[in-house]
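User: I would like to go through this model label by label. For each term, tell me what rule stands behind it.

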Amino acid sequence: SGNLVISGGAKEANVDLQTCGSGAFTINGKPFQTIKGEKGSNGTKGGKGESGTAGIKGQVGAKGDKGEAGSVGPKGAQGLAGSDGGQGKPGPKGDRGERGTNGTAGIKGDKGEQGIGKAGSKGEKGTTGTKGAAGQQGPPGGTKRLNDTVEYLYREVGRLQSLTSRILDCNARGLLYDSKNDSCKEANVWAYSLRYTSSCAGVPRKDSGLYSLDKRGLTITVYCDMTRKKSLGGNGKDQITAAVNCAVLKQHFNVTTNGRYWIDPDSDAENTSNAVESFCLMSSATPATIPASVIDDGRLINFYVFSSTTPNVDLKKRKNLSINSKYYRTNQGLDVNGIGTAGAAFSYSDQTIIIVAQRNFGLSGTSGMIFQTSNGDDGITIRNDFMGGRTHTSGFELHGTKLSNLLPKQGVAAPFGLHLRSDGVEFWTETAYFSPTKSGNGGPFDSLSKSKFVLGSGFDSWRSGSFVVRAFLNYNQNLSKADVQKILKSIKNL
């Protein structure tokens with residue numbers, strides 16, 4: 001709607017009245033009233049117009065229906081190996097296996113001991129009986145005897161099969177067959193050599209005792225401590241049967257003779273590759289273990305053990321000491337208290353002496369010479385808590401160390417080494433060395449005479465309490481500190 005003005009002198013104008021609608025028009029300033037004409041025919045199709053500007057983004061459409069499943073894709077490449085899974089639970093118990101073949105016959109046992117009871121007296125000869133009537137005619141010769149034999153063999157085979165079954169059943173349970181009572185029984189020695197294990201850890205038993213095990217292809221008997229599942233070893237006759245100590249041999253294998261046996265220094269004898277030959281002093285209250293290397297040392301002159309139930313054991317086999325038995329204390333050793341000149345004397349020339357001793361007295365109120373070192377008044381003296389060399393009769397001073405450094409506990413034995421010097425006595429323990437120091441009291445000290453070493457003293461003899469020598473070792477030279485301490489550690493159980 002609106003006004004349409006056509007100007008400029010135009011003589012005619014075509015106006016699309018359908019488009020313009022109705023209204024007032026002027027042509028060259030003159031009013032013109034439009035008259036609605038008839039609808040014209042469709043015009044020709046116009047050319048393609050220019051692209052319009054992009055419309056605004058429409059709203060999100062509703063969710064479409066689920067499409068059909070696609071086809072199966074190609075096989076992928078093999079993945080990496082996963083980590084190992086945990087151990088599965090034990091499977092169900094399997095069925096009992098088939099019965100094994102019969103084993104070979106065992107070794108014939110020893111003849112049993114004579115039964116209890118006296119033999120009865122021989123009976124009198126009976127009178128001759130009357131002649132019996134003739135029997136019926138028998139079958140042809142040989143037939144009945146053969147039948148009886150076959151029947152007997154069948155019975156024996158059945159009996160042996162039944163007996164074998166009972167024996168195998170007992171063995172399968174780790175027991176022995178008791179033929180007397182036709183039952184299974186406990187055994188003192190268990191044969192696990194081929195059927196079970198080569199170590200005590202694999203023995204399916206709780207009680208400690210002797211067990212026969214497989215060691216390097218050999219069947220040997222060992223004592224198993226089942227509280228620790230460890231072997232304490234065998235009878236010590238060779239390296240493979242080594243025991244952990246001599247006490248095991250005496251307690252579990254009834255070994256009572258002093259001598260050389262194989263001992264494993266570890267706390268268990270499962271692996272005896274480091275076992276060494278040792279000397280077992282079975283005559284001691286507690287069997288002592290001494291490495292054979294100590295006894296075989298070429299520098300060792302004397303090795304006496306006085307703590308044995310048979311005193312005065314000479315491990316070097318040189319000579320027995322003729323000391324009165326009254327000076328020996330049972331299971332302790334040689335007591336030098338009041339021994340005087342009744343002790344034993346050894347020549348001395350720059351040597352090392354090793355002693356295992358025990359003091360049964362306190363550290364105060366004591367004084368006296370325990371080891372004389374010359375024909376005069378020189379020797380090793382104890383005074384209160386000090387032990388050292390002495391060179392004068394009266395007003396003496398000691399050069400050595402504290403007694404408590406060497407024997408710290410009253411009534412407890414300990415080993416120590418000593419070497420005589422002109423300026424006193426030097427001492428060793430398992431862990432320490434003590435050069436001669438002054439006791440700090442008494443008169444002058446000149447030079448210690450050291451021509452001999454005496455177990456006891458004929459001068460100012462010790463009488464202040466029991467001083468027991470359990471072992472005495474005498475070497476032909478002054479040993480190094482390392483050698484002395486190694487020996488002390490190896491004999492401390494004497």
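## Strand S28 and its partners

Analyst: Start with strand S28: nine of its nine residues are buried, so the strand is largely enclosed by the rest of the structure. The model is predicted, so local features need pLDDT of at least 70 and side-chain atom pairs count only at pLDDT 80 or more, while totals for chains, interfaces and linings use all residues. Residues are numbered from 1 along each chain as its sequence is written, and side-chain values use heavy atoms, with hydrogens and water left out.

User: What makes a residue "buried"?

Analyst: Buried means under 20% relative accessible area; exposed is over 50%, and partly exposed lies in between (1.4 Å probe, protein chains only). Each of the nine residues of S28 is classed as buried.

User: What makes S28 a strand?

Analyst: Strands are DSSP runs of E with at least two residues; helices are runs of H or I with at least four, and both are numbered from the N terminus. S28 spans 467-475.

User: How do you know that S18 and S28 pair?

Analyst: Two strands pair if DSSP finds at least two bridges between them. S18 and S28 have seven, in the antiparallel sense, so the rule is met. Ile 353 stands opposite Asn 474 of S28. Asn 474 also has Asn 302 opposite. Strand S13 (residues 300-305) runs antiparallel to S28 with five bridges. Strand S16 (residues 333-335) pairs with S28 over two bridges, also antiparallel, and there Leu 334 has Val 469 as its partner.

User: Which strand does a hairpin join to S19?

Analyst: A hairpin through six residues joins S19 to S20. The two run antiparallel, with five bridges. Gly 368 has Ile 382 of S20 as its bridge partner. S19 is mostly covered, with five of six residues buried.

## Nonpolar cores

User: What makes a set of residues a "nonpolar core"?

Analyst: The members are buried Ala, Val, Leu, Ile, Met, Phe, Trp, Tyr and Cys residues joined through side-chain atoms within 4.5 Å. In soluble globular proteins, nonpolar side chains tend to be buried together. The largest core here has 39 residues; Ile 355, Phe 371, Met 387, Leu 418, Phe 453 and Phe 467 touch the most other members. Elements that each supply at least two residues include strands S18 (352-359), S19 (367-372) and S28, and helix H5 (403-406). S23 gives the largest share, four residues. A second, separate core of 23 residues includes Ala 288, Leu 300, Phe 303 and Ala 471.

User: Which residues is Phe 453 in contact with?

Analyst: Contact means heavy atoms within 4.5 Å. Leaving aside neighbours within four places in sequence, the contacts of Phe 453 include Ile 353, Ile 355, Phe 371, Leu 418 and Phe 472.

## Disulfides

User: Why is the link of Cys 200 and Cys 224 called a disulfide?

Analyst: A disulfide is a pair of cysteine sulfur atoms within 2.5 Å. The sulfurs of Cys 200 and Cys 224 are 1.9 Å apart, so the pair qualifies. The link is left-handed, at -75° about the S-S bond. It links distant parts of the chain, 24 residues apart: Cys 200 in the loop between S6 and S7, Cys 224 in strand S8.

User: How many disulfides does the rule give?

Analyst: The count comes to two. The other joins Cys 246 to Cys 280, S to S 2.0 Å. This link is left-handed too, at -80°. Cys 246 is in helix H3 and Cys 280 in strand S11, 34 residues apart. Cys 246 has 0% relative accessible area, so it counts as buried. Cys 280 is also at 0% and buried.

## Aromatic pairs

User: How many aromatic pairs does the search find, and what makes one "stacked"?

Analyst: Eleven are found in the whole structure. Rings of Phe, Tyr and Trp (its six-membered ring) pair if their centres lie within 6.5 Å; planes under 30 degrees apart are stacked, over 60 edge-to-face, and the rest tilted. Tyr 304 and Phe 306 are 6.1 Å centre to centre with 5° between the planes, so they are stacked. Phe 371 and Phe 467 are 6.1 Å centre to centre with 80° between the planes, so that pair is edge-to-face. Phe 371 lies in S19 and Phe 467 in S28, so the pair ties together parts 96 residues apart in sequence. Both are buried.

User: Why does Arg 390 count as sitting over the ring of Phe 396?

Analyst: The rule wants NZ of Lys or CZ of Arg within 6 Å of the ring centre and within 35 degrees of the ring normal. Arg 390 lies over the face of Phe 396, at 3.9 Å from the ring centre, so the distance limit is met.
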